[in-house]
Structure formats: C-alpha cells, structure tokens
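User: I am new to this structure and would like a close look at a single part of it, namely the charged side chains that pair up. Please say where each partner sits and how far it is covered, and then set the part in its wider surroundings.

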Amino acid sequence: MNFNPGSKVYMGILVRVIALMFIVGVAAVDAQNNRSTQKGLDALPDGEVKNLPEKGKRWALIIGINKYEKSKSISPLIGAENDALALKGALKDYAGFPENQIVLMTTGTQDDSLKPTRGNILTQLSRITDKVGEDGLFLFAFSGHGISTPDGQAFLLPSDADMIPRLFYLVDSAVAVKRIQDYINDSHIKQVIVLLDACRNVPRQGAKGNDATPMTEGFKFNQLNKDVKVAVTMYATAPGKFAWEHMATKRGYFMEAVVNGLSGEAADKKTGDITLGSLIDYVGNTVQSNTAREDSQQVPFFDTSGNSQRLVIAKTKVSFKVPFSIRTYPLTVDAKVIIRSQGKTIREGTSVDGELTADLDHGTYEVEVSASKYKTEKKQISVSVSGKTVETFTLAQRTGSIVVYLADTISPDDKNLRVFLDGNQKSFTKVANTLVLSDIDEGDHRLRVDHPNIMESFREATISLKGGEERAYSVPAKPPVPTPSPGSSLGAFSLNANVSSARVVIRSEGKVLREGEIQKNEFHTNLPSGTYDVEVMADKHKPKPWKKQITIEQGRSLSEAVVLTSEVGSIVVDLDTIAPGDKGLQILLDGRRVNFTKRADNRVELTDIEEGTHQLRVEHPSAIPVSEKVDLQGGGVMNYHLYLKPATTAAPTPTTGTLAIGVNVPTARVVIKSKTSGFHGERVATTDLRFELPPGTYDVEVIADKYRVWKQTVLINLGDVKTLPVALEPDVVQVTIKGPANASIYLDKSLKGTITSTGELVLADIIPGNHTIEAKLSGFKDSRVEKNFTANEALNIKLTAIVADASPWSERFESLEYWDAPRSWSLGWNGHKNVVISGTEVGLEKRSYYGNFELEFNINIIKGKQAAWVVRATDTRSYYLFVLEKSKERAKLYEYTSKDGELSPRRSLGDFSGELPDQLHVLVTATGKDIRTDLDLPDGRQLLGVFSGAQDLPIGRIGFRAFADGEQFVVLDLQCRPRN
C-alpha cells in the first residue's frame with residue numbers, strides 16, 4: 001500500500017488477516033438431522049455444535065474491493081472481486097445459502113446501492129443483521145485493504161476511503177472493526193461467520209507483526225459476546241505476516257484454497273462430506289505448498305474453540321471414478337493414449353514404462369493408442385467398479401527394413417553406387433558389404449540398385465514388406481567372361497548365381513559332361529561347340545532345379561545369371577519377461593516343440609522354418625499360453641512380441657449374482673423390486689451401490705428431485721456381475737432471448753448463437769437453475785444477466801451503444817497519461833517529443849471512440865522495416881491493424897483484422913515506388929466501411945491504399961503496436977479529428 005511513511009497514524013502494522021468461522025450446507029444439516037449416528041455426533045465432546053440453522057435462516061454479506069477511486073495512495077488489487085464472486089458461488093452451491101439471502105457488494109457492480117462505500121456497507125449491515133434473528137446464521141466477508149493504528153484500532157477500508165494523515169478523518173471515512181461488532185452483538189445472533197481478507201498487497205518495508213493485532217482481537221466473538229455459541233476462526237496468515245495473491249488466477253491463495261476445499265477438494269471421497277477438520281487440513285497444506293516460492297511463505301493458523309472440527313459443513317457429489325490402467329506394448333515405446341467419451345476427449349497422455357492410469361466414471365469409452373512407426377489401435381472399454389480395470393494394447397509396427405547384400409567386388413563406399421526406392425533416391429546404413437534401408441512403410445516397394453558392375457537383371461526388384469519385418473535382397477556382380485585362346489575350338493561359358501553353395505550340372509545328350517559348385521557366386525568352364533542342358537540346384541532353395549538349354553559357339557563367350565529363392569525363413573520371438581533359459585518355457589510350432597537360439601533382450605530365433613502359414617505357441621507354467629498365426633515367406637525374418645499374462649486361479653462357485661449401480665446424482669434413491677417376490681430393497685446413492693441378488697428378474701428404478709425417473713429391467717444369473725451406469729437427465733426449460741439482431745449470445749460463457757433478424761434466439765434444453773446470459777455486439781457495450789431459470793420464459797436483452805467522443809485532439813507526447821501504453825513503449829528519441837513504439841502488445845488512446853475520423857501523424861522506423869497502427873479498436877484484442885513496410889525507394893501497405901486476439905490473413909492494399917524520406921507523414925481517413933491511407937511526400941500527396949471491408953467494427957479507439965518482435969518506430973505530432 002502506498003501510505004505516507006512519515007505519518008504517525010500509519011506507523012502501525014498493516015496486516016492481511018482472513019478470519020473465517022465456517023459454513024454448514026443444507027445437505028449436511030439434513031444428513032445430521034436424519035442420520036446423525038453415521039456422522040459420529042452421538043459421542044461428541046461437551047459443547048460441540050451439533051446443529052446449525054436451517055437454510056432459510058442463513059444470511060451473508062460479501063464485499064470485494066479492487067479499486068480505491070478516491071485515493072491514489074491506496075494501491076489497487078487484482079483478486080478481491082474474484083474472491084467475493086467465488087465465495088458466493090461456494091456458499092450457494094455447497095453450503096446451502098439461498099441466493100436471494102447473499103448480498104454481494106463489489107466495485108465492479110452497476111448498482112449504485114451495492115457499491116462498497118462506507119455508507120452502503122453500514123446500511124446493508126444494519127438491514128441484514130435485523131433479518132437474521134437470534135437463531136440464525138450470519139456470514140460477513142470482506143476482501144480488500146485493512147489497517148491497524150498505533151492506538152489499537154482496526155479498520156477496513158471501503159471503496160471511498162481516502163488516506164489523509166489525520167486519525168479522526170480515518171475514523172470517519174473507514175469502517176471500524178468495532179462498529180461491525182456492534183451491529184452483530186446488538187442483533188443477538190448466536191452463530192456468526194466472519195471472513196476478513198485485508199491488506200492484500202505487500203506492506204511497506206519495516207512493517208512487523210505481533211501475537212495479538214487489533215484486527216485479530218476485534219473478531220473474537222466467543223470472548224466479547226457470551227451470546228455467540230459458534231466461534232471457529234481460520235486465519236489466512238499469522239498476525240503481522242503477509243498474505244499473497246496468486247497472479248496467474250487473480251485470486252488470493254487463501255480464499256482460492258477455501259473455495260476449492262468447499263467445492264470438493266476437502267471432501268471425503270466415499271461420502272462427499274466436507275468437515276471443518278478436513279477443510280482446515282486442506283487449506284493449511286494447500287496454502288503453504290502454493291506459496292512456498294513467495295518472499296515469505298504463507299502459513300495459516302486456526303482457532304477451533306467450541307469443539308466443532310467434526311461438524312459437516314458442506315456436501316459435494318460422490319465420485320464413482322474407477323482407476324483404469326491402459327497397458328501398452330512394447331514397454332519401451334512411448335505411446336500416446338487418448339480416452340474419449342461420446343466423441344469428446346476426457347484424458348490424453350503418454351504411457352510411462354508401458355502404462356497410463358486414469359480415474360474414470362462408470363460408462364463406455366473409446367481408447368486410442370498410437371506411437372511413431374507403429375499402427376494406431378482403437379478399442380471400446382467398459383468401466384465399472386466390479387468390472388475389468390486393465391486393457392492391454394499391443395502395437396504392431398508399420399515399418400520394416402530392407403537389407404541389400406552386395407557382391408564382394410562392389411563397395412558400399414563406391415560413388416557410382418546409388419539406391420532408389422519407389423523412384424526416389426534413398427539413404428542407407430553401411431554394415432560391411434551390406435546396405436540397410438530402415439523405417440520403410442509396409443507394403444509393396446520398387447527397389448533399384450544402380451552400379452556399373454551389377455547385372456542388369458538384378459538391378460530392380462519388387463519387395464513386399466510387412467511391419468516389423470526385415471527382407472533381404474542379394475545383388476551379384478557381373479561375372480568375368482573368360483576369352484578363349486586364339487585359334488581354340490572351344491567356347492567359354494560363365495554362370496552367376498545368388499547362392500554360393502549351389503551345384504551346377506551340364507549335360508550333353510542326357511550324359512553329365514561337367515559338374516561343380518558355385519564359388520563366390522560364380523562358375524566358369526570351356527565347352528566345345530554344341531547344345532547343352534544346364535541345371536543349378538541348392539538345398540532349401542527353389543526352383544528344384546533351375547534349368548536352361550544353351551548353345552556354345554567356337555571362340556565365343558556366353559554368360560547366364562541364376563536367381564534361387566529360399567524356401568525357409570526365420571521367426572524371432574520377444575518373450576517379454578520370460579527368460580529364454582527358463583526350464584518351464586516351451587515353444588511349439590504347428591503343435592510340435594521346436595529348438596531355438598537365444599538372442600539378446602529375452603529374444604529367441606527359430607531358424608530354417610519352411611515358408612507358409614504356421615501356428616506359433618508359447619507356454620509357461622506361470623502364465624496363460626499365447627498362440628499366434630505366422631505367415632512366413634522364404635528368406636524372410638518375422639518378428640513377434642508375445643506377452644504372457646499371469647495365470648488366474650479358479651474362482652469359488654457363486655451362489656448369487658451381483659448388481660453394481662453408479663448414479664450421477666448422489667441424492668437419488670435406488671429401488672430394487674423382484675418380479676417374483678416383490679419389493680427387495682431401497683438405498684440412497686451416496687456410495688457405490690452393490691446388490692447381491694438371488695438369480696431372477698428385477699425392476700430397477702432410480703428417482704431424484706428435478707430429474708426424470710430412470711427404469712430398467714435386468715436378469716441376474718448365478719455368478720453374474722452386471723453394472724448399470726445411471727445418468728439421470730434433468731428436466732429442461734426453454735429460454736427465448738429477445739434483443740437486437742446479430743447480437744452474439746453466450747450461456748455460461750459458451751457461445752449459443754446470434755439473435756436473428758426477427759429479434760429472437762431460442763435456447764432449448766436448458767437445465768433449470770442459475771445461469772449467466774451475456775450478449776455482445778460490435779459498437780455496443782457487453783450485457784450480462786444472471787438469472788435462475790425454473791420454467792419456459794422469454795428474456796429481453798438491452799444493449800447500450802458506445803458513445804463516440806466528437807471532440808478533436810492532438811498529441812505531442814510530453815507524457816503517456818492519455819494512453820493505455822504497454823511497458824515496452826518509451827518517451828523521447830534524439831531529443832524530440834515523441835513516443836518509441838516497440839513490442840507486439842497494443843497501446844490505445846484513452847479519450848475518444850471514433851467511427852468516422854481523420855488521423856495524421858509522423859513516423860520514423862528505427863529498427864526493422866515496418867510500422868503499424870490500430871483503428872476502431874473495441875479493446876486490445878479486436879481492431880483493424882495497418883502495417884506499413886518501407887525501404888528507401890518503396891512503401892507497401894497491408895491490413896489485418898484482429899478478432900478476440902486472432903489475426904486474419906493479411907490483405908495487400910497498395911504500394912508506392914519512388915524515393916522516400918526517413919520520416920513519413922501519414923494520413924488516415926475513415927468514412928463508413930472505407931479506410932483510406934495517404935502519404936504526404938515532397939512531390940505531393942500520394943494514395944497508398946483503401947480498405948473497403950471495415951463494417952464489423954463500426955466504432956472504436958486509436959492506437960499503435962509493433963508488428964513483430966525486435967521492430968521499433970517513432971511516432972510524433974499526432975492529430976485526430978472526427979468526421980460527419
């Protein structure tokens with residue numbers, strides 16, 4: 001607070017103290033009256049409060065002050081009004097206070113009688129305390145500045161307070177704590193709630209506290225007034241210490257914790273009860289934790305005289321959430337998990353070590369699991385208390401790899417070697433004379449390997465690839481063709497094959513003439529002229545054999561290439577947590593146990609498996625056997641990850657069936673009737689309901705006030721576990737909004753549509769209760785109405801037009817007092833009166849709203865190439881933005897429209913080519929929907945561009961901003977004049 005440090009009056013302690021003696025909701029009172037033994041109230045200590053006033057006898061006066069308009073020495077606050085509004089909602093929703101018995105006084109109200117001036121506060125205090133009665137409950141809440149003076153007096157500062165350094169003036173302009181006591185004591189109210197949130201900014205240096213400040217002592221009603229029966233006090237901070245505001249939420253840390261605790265954070269998860277003790281624990285722990293990084297950690301303390309800690313003070317909805325785990329495999333892959341309900345995403349996250357757990361309500365959900373290089377998996381899951389709590393997703397790879405084996409005579413480092421996949425050159429990893437192409441999408445691919453020494457018939461092939469598969473392709477070199485010696489009667493024959501172990505047989509007229517093996521993929525021989533039959537064969541390869549008839553000519557050379565295809569492949573199995581050396585492990589292929597080779601990471605390999613379809617099965621005594629169908633191609637390697645789930649023990653033979661019911665309304669009644677024996681039972685849906693029922697047919701009926709009756713007939717068989725998620729539908733009302741055409745209508749901050757040309761918008765299916773209706777229309781002030789809708793009705797909305805200031809003005813920038821200027825702006829450059837514009841935050845002139853106007857100013861760009869100005873701004877998020885881009889010999893003009901902070905694509909309005917001075921004189925003329933921009937140049941006035949789409953924002957303010965970070969420009973000699 002900006003008090004005079006030399007004043008004797010204000011040398012006392014400034015302290016923010018919140019005193020809260022708390023609240024009992026109507027639901028909690030009913031619970032105590034009807035089922036007190038369940039709350040343990042039959043054995044409470046002497047003097048403990050067991051009952052609080054009924055709903056109709058609860059009254060509250062809540063005050064929130066952000067601005068002190070009369071005094072510039074009292075610093076403004078950011079969260080006092082927010083705290084007051086939040087407290088009102090908590091009292092109404094969870095503590096049973098009737099809305100018409102909660103009086104809210106804030107500096108933002110339009111009702112002059114509810115502005116928090118000293119006179120209005122005392123008037124409302126007198127009026128309400130007269131109505132409460134001796135057997136009622138009164139809550140007084142103040143959120144604003146407070147002060148205590150050296151002579152022991154404590155004061156709350158109303159909105160019209162003025163910090164004049166005279167003690168008697170302070171007594172006359174502020175609200176004395178003692179005066180509040182007088183009103184309450186004079187009314188003989190026996191149950192008093194006082195909530196003080198005072199001195200919310202950091203006090204001046206040197207302020208210190210003691211153990212008994214005037215503010216603290218002033219509200220100890222249990223000591224000062226013997227008629228007060230309930231005295232429970234919660235302080236936001238220790239006397240003399242600071243209490244902090246949460247800048248992100250614009251709330252006080254203490255009040256934020258109180259409201260959150262009442263809203264359910266401090267509730268018992270099974271009953272929904274919020275006791276005074278649970279609220280104290282929650283508020284204390286939360287405030288300390290959330291203020292741990294402040295200059296001085298805020299530590300609340302509490303006075304609970306009266307033995308009321310176990311008293312139920314509020315009631316919230318009971319949660320029926322079930323912890324549900326999504327398990328993803330492989331465990332090492334970070335999988336993205338999305339859980340949706342009725343098309344809406346309710347949880348999104350990444351699995352950690354293969355698992356993500358979410359607390360879900362009863363019902364059906366769609367779960368989507370995805371990961372890079374894996375196929376997306378989707379499943380429907382059903383969640384219930386007694387049902388399945390884990391769902392497993394095994395992700396299949398959508399990519400594989402291709403391994404290209406090169407002949408020894410071809411080097412992977414040869415610059416002439418290039419690899420193409422589907423027509424595009426592909427990079428590869430080199431391993432010896434092997435090329436590895438990784439992360440290839442599954443499907444058919446066209447592979448081409450180019451090198452002068454590769455046989456043309458081997459350069460291109462079609463590879464069919466499956467996800468997780470590794471396919472091999474061999475590329476042989478051209479065989480050297482021996483040249484017969486001059487004059488020889490023989491001819492030369494060469495053969496190249498992709499399998500070095502293959503055998504070659506050459507026959508002439510059915511007799512074997514030559515026989516040998518392929519050595520390093522090659523075979524050479526010299527033969528007399530004639531015709532021969534050639535066969536090439538290899539174990540586990542086809543065709544069996546390869547055959548061809550050749551003709552040898554004297555003195556000439558002939559070469560042939562042979563491609564043999566493997567008939568066997570390999571299967572690699574990842575066993576997850578089962579060790580390959582475990583004696584209990586068995587791997588069966590087509591029903592027969594097979595041997596395997598151990599590999600790293602609990603993987604095993606089954607080799608020399610014939611191509612075709614096989615049934616793979618893995619068994620272990622501790623797990624449920626897993627089977628997988630395997631389609632294997634010759635020469636291929638198939639990778640499988642098999643997860644063995646723990647074996648379950650046999651369940652005992654059931655004698656009944658189970659019916660579990662989850663209801664979205666905790667106060668609903670659930671009635672079970674047997675078709676054969678009639679009424680079976682009735683319970684209130686305050687806990688997870690489970691009925692153990694003999695086999696038979698039952699009628700289930702769920703009833704709750706203001707909700708439609710839900711009915712269903714179920715058949716229970718022996719051992720059944722059936723879950724009924726019950727979503728009661730409230731009765732709805734229809735509201736017709738009447739007002740000006742094209743106004744946007746928001747219900748509880750959600751856009752519902754615009755008023756039609758007939759002047760109406762119908763909102764159907766409105767849940768009965770309190771709602772906020774807002775109307776917005778360009779050129780008009782926003783309208784906001786809070787109303788309790790109980791039946792079909794019409795609501796008239798009136799909008800007030802924004803009044804334009806018709807007076808002209810000029811600006812020489814001697815100060816920025818007439819501007820809402822960002823901190824990035826500065827005054828003066830090169831010794832002149834001007835303003836330096838930097839930063840993308842918008843700064844607006846405070847005085848005038850214009851529809852049609854003439855605007856002139858000089859600009860000088862000092863960093864970057866752009867300057868930008870704003871016209872017809874509704875606020876700093878909605879406006880027309882003009883950007884001038886300048887070089888020495890060219891200027892271009894662009895326009896953007898900003899709506900709710902989102903910029904439209906830019907429009908190019910025009911440009912000018914020619915020599916330009918460093919300082920430009922800009923003229924902007926707005927008439928109706930046209931906004932024209934001219935430049936005054938040495939050779940005369942030059943039109944730069946006209947924007948003809950300015951009809952959405954008919955009126956507004958004028959301002960400036962930089963278009964991009966790092967840009968700066970100077971504005972000077974600005975004039976603005978209205979036009980008819």
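Analyst: **The salt bridges**

Glu-460 counts as partly exposed, its relative accessibility being 37%; here buried means under 20% relative accessible area, exposed over 50%, and partly exposed in between, with a 1.4 Å probe and protein chains only. This is a predicted model, in which local features need pLDDT of at least 70 and side-chain atom pairs count only at pLDDT 80 or more, while totals for chains, interfaces and linings use all residues. Residues are numbered from 1 along each chain as its sequence is written, and side-chain values use heavy atoms, with hydrogens and water left out.

The partner of Glu-460 is Arg-448, and in this salt bridge the closest N and O atoms are 3.4 Å apart (the term asks for a side-chain nitrogen of Lys or Arg within 4 Å of a carboxyl oxygen of Asp or Glu). Distant parts of the chain are linked in this way, since Glu-460 belongs to strand E28 (residues 460-465) and Arg-448 to strand E27 (residues 443-450), 12 residues apart. Strands (E, at least two residues) and helices (H or I, at least four) are DSSP runs numbered from the N terminus. Arg-448, with a relative accessible area of 23%, is likewise partly exposed.

A second pair brings together Glu-391 and Lys-379, whose closest N and O atoms are 3.3 Å apart in their salt bridge. This pair, too, links distant parts of the chain, with Glu-391 in strand E21 (residues 390-394) and Lys-379 in strand E20 (residues 377-383), 12 residues apart. Glu-391 is buried, because its relative accessible area is 11%, whereas Lys-379 counts as partly exposed at 30% relative accessibility.

The third pair is made by Lys-833 and Glu-814, a salt bridge in which the closest N and O atoms lie 2.9 Å from each other. Lys-833 is in strand E64 (residues 832-838), but Glu-814 is in the loop between strand E61 (809-811) and strand E62 (819-820), so the pair ties together parts that are 19 residues apart in sequence. Lys-833 is partly exposed, its relative accessible area being 44%, and Glu-814 counts as exposed at 56% relative accessibility. Elsewhere, Arg-340, Glu-366, Glu-368 and Lys-378 are joined into one network by salt bridges that share partners.

These examples belong to a total of 48 salt bridges in the structure, set in a chain that has 9 helices and 76 strands. For a view of a covered position within one such strand, one may turn to Ser-401, which lies in strand E22 (residues 399-406) and is buried, with a relative accessible area of 13%. Leaving aside residues up to four places away in sequence, Ser-401 touches Leu-437, Ser-438, Leu-465, Glu-469, Glu-470 and Arg-471, where contact means heavy atoms within 4.5 Å.

Over the whole chain, 48% of the 980 residues count as buried. Of the contacts in the chain between residues at least 6 apart in sequence, 64% join residues at least 24 apart. The chain exposes about 47,900 Å², of which carbon and sulfur atoms supply 45%; accessible areas come from the Shrake-Rupley method with a 1.4 Å probe, and for residues only the protein chains shown count as cover.
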